[in-house]
Amino acid sequence: MIAETSINGYIASADKHEAQRVAIVKELKKHPEGMTRRMISVATGIENSAVSARARELVKAGALTEPVKDKCPITGVTVKWLFVSEAS
């Protein structure tokens, strides 16, 4: 049997992840030129690892695309830039 606290924790985590996905898409809609994961993290206050995880989910779902690789203005590292999908 699964403990009620485990179920409640899972539900809270799922709600948090959805809120993060919404925040990421909202931020990207303000930036049609695209953004890196680090840029999104700085703009939203969401941890970089969480941005990466949610971005991966959104790309897989077709809500975001990664058509461009270029240097991140924050890190100077060449990375994939995220854009809101035309279908979204």
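This passage walks through the nonpolar core of a predicted model and two residues of interest, arginine 37 and valine 84.

A good place to begin is the interior. The largest nonpolar core comprises 16 residues, and those with the most contacts inside it are Ile24, Leu28, Ile40, Leu58, Leu64 and Leu82. Two or more residues of this core come from each of the elements α1 (4-29), α2, α3 (48-61) and β2. Helix α3 provides the largest share, namely four residues. Isoleucine 24 gives a closer view of the packing: leaving aside neighbours within four places in sequence, Ile24 is in contact with Ile40, Ile46, Val51, Arg54, Leu58 and Leu64.

Attention can now turn to arginine 37, which lies in helix α2 (residues 37-44). The side chain of arginine 37 forms a polar contact with the side chain of glutamate 66, at 2.5 Å. Beyond neighbours within four places in sequence, the residues in contact with arginine 37 are Asn48, Val51, Ser52, Ala55, Glu66, Lys80 and Leu82. Val51 thus appears among the contacts of arginine 37 and also among those of isoleucine 24.

The last stop is valine 84, part of strand β2 (residues 78-84). Valine 84 counts as partly exposed because its relative accessibility is 23%, and buried residues must fall under 20%. Not counting residues up to four places away in sequence, valine 84 touches Val25, Leu28, Lys29, Ala63 and Leu64. Of these partners, Leu28 and Leu64 are listed among the core residues with the most contacts. Valine 84 and methionine 35 are 49 residues apart in sequence, with a C-alpha to C-alpha separation of 9.8 Å in space.

Notes:
Residues are numbered from 1 along each chain as its sequence is written. This is a predicted model: local features need pLDDT of at least 70, side-chain atom pairs count only at pLDDT 80 or more; totals for chains, interfaces and linings use all residues. Side-chain values use heavy atoms; hydrogens and water are left out. A polar contact is a pair of N or O atoms within 3.5 Å; within protein, one must be able to donate a hydrogen and the other to accept it, and residues adjacent in sequence count only if both atoms are side-chain atoms. Contact means heavy atoms within 4.5 Å. Buried means under 20% relative accessible area, exposed over 50%, partly exposed in between (1.4 Å probe, protein chains only). A nonpolar core is a set of buried Ala, Val, Leu, Ile, Met, Phe, Trp, Tyr and Cys residues joined through side-chain atoms within 4.5 Å.
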